[in-house]
Each structure stands twice: as C-alpha cells, then as structure tokens.
Amino acid sequence: MTGAARGQGAAIVRQLLRDGFRVAACDVLIDELRDTVADADGAVIAVGLDVTSAHQWAAAVATTVQTFGALSALVNNAGVLHRAALSEETAEGFERSWRVNCLGPFLGIQAALEPMRRSRNAAVVNTCSTGALRAFPHHAAYGSSKWALRGLTQIAAAELAPAGIRVNAVLPGPVATPMLDETTQSRLATTMVAGRLGEPAEIADAVAFLVSEQATFITGSELVIDGGQSLQIG
C-alpha cells in the first residue's frame, strides 16, 4: 500500500486493517507513516519507499513477504499533483509527475508479480483520477500521467488475467486531503453536484471492495468515485 502516510492512503490502510488484512504501509514520509501505523498492534508495518526506485520496490516487497509470508494485494495510491500552464511547465516538473504517478505503479506491479502469482485472489488497485477522464487546463503533467496509468491498468489486467491477478482502477474526484489546500477545496466544493468534496474513507471503501472476495470476477474495471463531478465536465 503506497502513499500510506496521510489522507486517502491512511484511510485505505485503516479500512484494510478493519477488513482483516495485514498491511505493509509504504511512503517516503517515514516519520508521518510511523505515526499513522503506531496503534495497529503488529498487523501493519511501516516501510519507507520511494516509488520511483526499482531497488526500493524490491526491498519493500521482500520485507512484506518476509514479515507476512505472502503478498496478495497491491494498492498503488502514491501520487503527486502538479499544476502549471503549458507555457510555464518544465521538463523536470513534467517528468516527476510521470515518474511518481505512472512509473511508480509499473515498478510496483513488476516487483510484486512473482509473490502475487503464488497468492489466491491476487489483486492490484491503481489510484487514477477524474483528470484521466477529461482535460483540465494547467494539468498537462498530472493529467497525462493519470491517462497513462489508466492505460497501464488495462494492459496489466489483460496480461495478468491468465495468472489469476486482477487489476482495477479507482478514479476519485476531488477529495478532502492535504493534497488540496483549503482555498482549492472550498472552490471545488461550490461546483460539485454533491455539494461537497469526497472523504478519504469513501475512496478507501472502494479500494477495499476491489481487493476483497466480493470482487473476484472484476478486472480491467474503472470505478469513478466523484460525487457526480464527471457529469459536469464538457
């Protein structure tokens, strides 16, 4: 489980623990991560992970298997939100979005593949975005990286189905997390059909369903969780 230290990721960790999973909670924010998992009584371990590093992915997977004996689910939740007009975007900013938002999940799937092949009801869930459904101005790096992650999800689902590994995506709309500052949250809330932003727990419920025994016939699917936001996008 990546991006686990705060917000949506921390909510997913809590829900998976309630559902009986043992969780390797991964993040670059290791101090915050330790605080997040402090009261979990051994059912969760904190693992420092830069998702853009293949070496760190290999170590994280090895630690997970060594600690828990198996790896049956991978939740690629880590992501960065980067905004810039096309005229002001930099190669570095653009590449960083792609490295975290798309390369990271690819490296994670690749690193987890062998232990997941050995697990029953193995599942991958990638966190995409409604930014991968329609075009938002000033989001060239973020939006294109999430569109790419949608494609990766579909390809992985098709390729890994014979191995019994399911691959799905959740596409959240705006969620009340530290990724969005308070001004942005207030502005977006006024435009939402639902009259509010999503809550991290609402995304966590969807992720928990997709890795559960209730979703064993679901792969290659995209679950939009946006309070109707995409209904307004022209």
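The exercises below work through the sheet, two helices, the cores and the cysteines of one predicted model.

The model is predicted, so local features need pLDDT of at least 70 and side-chain atom pairs count only at pLDDT 80 or more, while totals for chains, interfaces and linings use all residues. Residues are numbered from 1 along each chain as its sequence is written, and side-chain values use heavy atoms, with hydrogens and water left out.

**Exercise 1. The sheet**

Task: Give the order of the strands in the open sheet and find its edge strands.

Solution:
- Step 1. Helices (H or I, at least four residues) and strands (E, at least two) are DSSP runs, numbered from the N terminus. Two strands pair if DSSP finds at least two bridges between them.
- Step 2. The 4 strands of the open sheet come in the order E3-E4-E5-E6, and their pairing is parallel.
- Step 3. Strand E3 (73–76) and strand E6 (222–225) pair on one side only, which makes them the edge strands.
- Step 4. Between E3 and strand E4 (residues 122–127) there are 4 bridges in the parallel sense. Valine 75 stands opposite valine 125 in E4.

**Exercise 2. Helix H7**

Task: Describe where helix H7 lies and what its buried residues pack against.

Solution:
- Step 1. Helix H7 (residues 200–210) lies across E3, E4, strand E5 (165–172) and E6. Its direction is at about 165° to E5, where axes are lines fitted to C-alpha atoms, for helices over the stretch in contact, and angles run from 0 to 180 degrees between N-to-C directions.
- Step 2. Buried means under 20% relative accessible area, exposed over 50%, and partly exposed in between (1.4 Å probe, protein chains only). The buried residues of H7 include Pro200, Ala204 and Leu210.
- Step 3. These buried residues pack against helix H1 (7–18), E3, E4, E5 and E6.
- Step 4. Isoleucine 203 belongs to H7. Isoleucine 203 counts as buried because its relative accessibility is 1%.
- Step 5. Contact means heavy atoms within 4.5 Å. Leaving aside neighbours within four places in sequence, isoleucine 203 is in contact with Gln8, Pro172, Val175 and Ile225.

**Exercise 3. Helix H1**

Task: How does the span of H1 compare with the expected span?

Solution:
- Step 1. The expected span of a helix is 1.5 Å times one less than its number of residues.
- Step 2. H1 has 12 residues, for which 16 Å is expected.
- Step 3. From first C-alpha to last, H1 reaches 17 Å, close to that expected value.
- Step 4. Just after H1, glycine 20 has a positive phi of about 95°.

**Exercise 4. The cores**

Task: Which helix supplies the largest share of the largest nonpolar core?

Solution:
- Step 1. A nonpolar core is a set of buried Ala, Val, Leu, Ile, Met, Phe, Trp, Tyr and Cys residues joined through side-chain atoms within 4.5 Å.
- Step 2. The largest core has 27 residues; among those touching the most other members are Trp57, Met116 and Ile165.
- Step 3. H4 gives the largest share, 6 residues.
- Step 4. A second, separate core has 26 residues, including Val23 and Val207.

**Exercise 5. The cysteines**

Task: Why does cysteine 128 form no bond with cysteine 102?

Solution:
- Step 1. A disulfide is a covalent bond between the sulfur atoms of two cysteines. The cut-off used is a pair of cysteine sulfur atoms within 2.5 Å.
- Step 2. The closest cysteine sulfur to that of cysteine 128 is in cysteine 102, 8.8 Å away, so the two are too far apart for a bond.
- Step 3. In the whole structure, the search finds 0 disulfides.
- Step 4. Cysteine 128 is buried, since its relative accessible area is 3%.
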